[in-house]
Amino acid sequence: ACGSLTDKVLEYAMDISASAAAVMPCCYTGTDSGVPYGIRRMLGVSLAADVRRSFYLQENGYHVDFATIPKAITPMNRLILDERRK
């Protein structure tokens with residue numbers, strides 16, 4: 001999902017109490033708000049945004065993991081996988 005659409009998909013999944021969700025963010029413009037400057041600088045905007053997302057999901061009862069698909073398919077290849085804790 002592009003930019004903040006990833007966050008909207010994750011919020012929708014939480015709103016409907018989805019048992020699991022998987023997203024593959026692509027654009028990261030404006031998605032790192034709330035992440036301390038030092039973390040953005042060290043990890044880069046994309047990883048910092050995904051780490052922020054993982055904390056948000058965890059705080060809302062989800063177990064979060066990351067995976068990747070081959071970069072030959074897309075360079076924006078990180079997947080965020082979450083599963084609701086019982």
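Visitor: What follows helix 3, and what is its phi like?
Guide: In this predicted model, Gly61 comes after helix 3, and the phi of Gly61 is positive, near 90 degrees.

Visitor: How do you know that helix 3 has close to its expected span?
Guide: Helix 3 covers residues 45–59, which makes 15 residues. The expected span is 1.5 Å times one less than the number of residues, and here that gives 21 Å. From first C-alpha to last, helix 3 reaches 21 Å, so the two agree closely.

Visitor: Which residues of helix 3 are called buried, and what makes them so?
Guide: They are Ala48, Ala49, Asp50, Arg53, Ser54 and Leu57. Each is called buried because its relative accessible area is under 20%. The buried residues of this helix pack against helix 1, helix 2, strand 2 and strand 3.

Visitor: What does Leu57 touch?
Guide: Leaving aside residues up to four places away in sequence, Leu57 touches Leu10, Met14, Tyr62, Val64, Ile80 and Asp82.

Visitor: Why is the set with Leu10, Leu57 and Ile80 called a nonpolar core?
Guide: Its 10 residues, including Leu10, Leu57 and Ile80, are buried nonpolar ones joined through side-chain atoms within 4.5 Å, so the set earns the name. Helix 1 gives the most, with 3 residues.

Visitor: How do you know that side chains alternate along strand 1?
Guide: Ala21 and Val23 point to one face and are buried, whereas Ala20 and Ala22 point to the other and are not.

Visitor: Why do strand 1 and strand 3 count as paired?
Guide: Pairing needs at least two bridges, and 4 join these antiparallel strands, so they qualify. Ala21 stands opposite Asp82 of strand 3.

Key. Residues numbered from 1 in each chain as written. Predicted model: local features only at pLDDT ≥ 70, side-chain atom pairs only at ≥ 80, totals over all residues. Heavy atoms only, no water. Buried < 20%, exposed > 50% of the residue type's maximum accessible area, 1.4 Å probe, protein only. Contact = heavy atoms within 4.5 Å.
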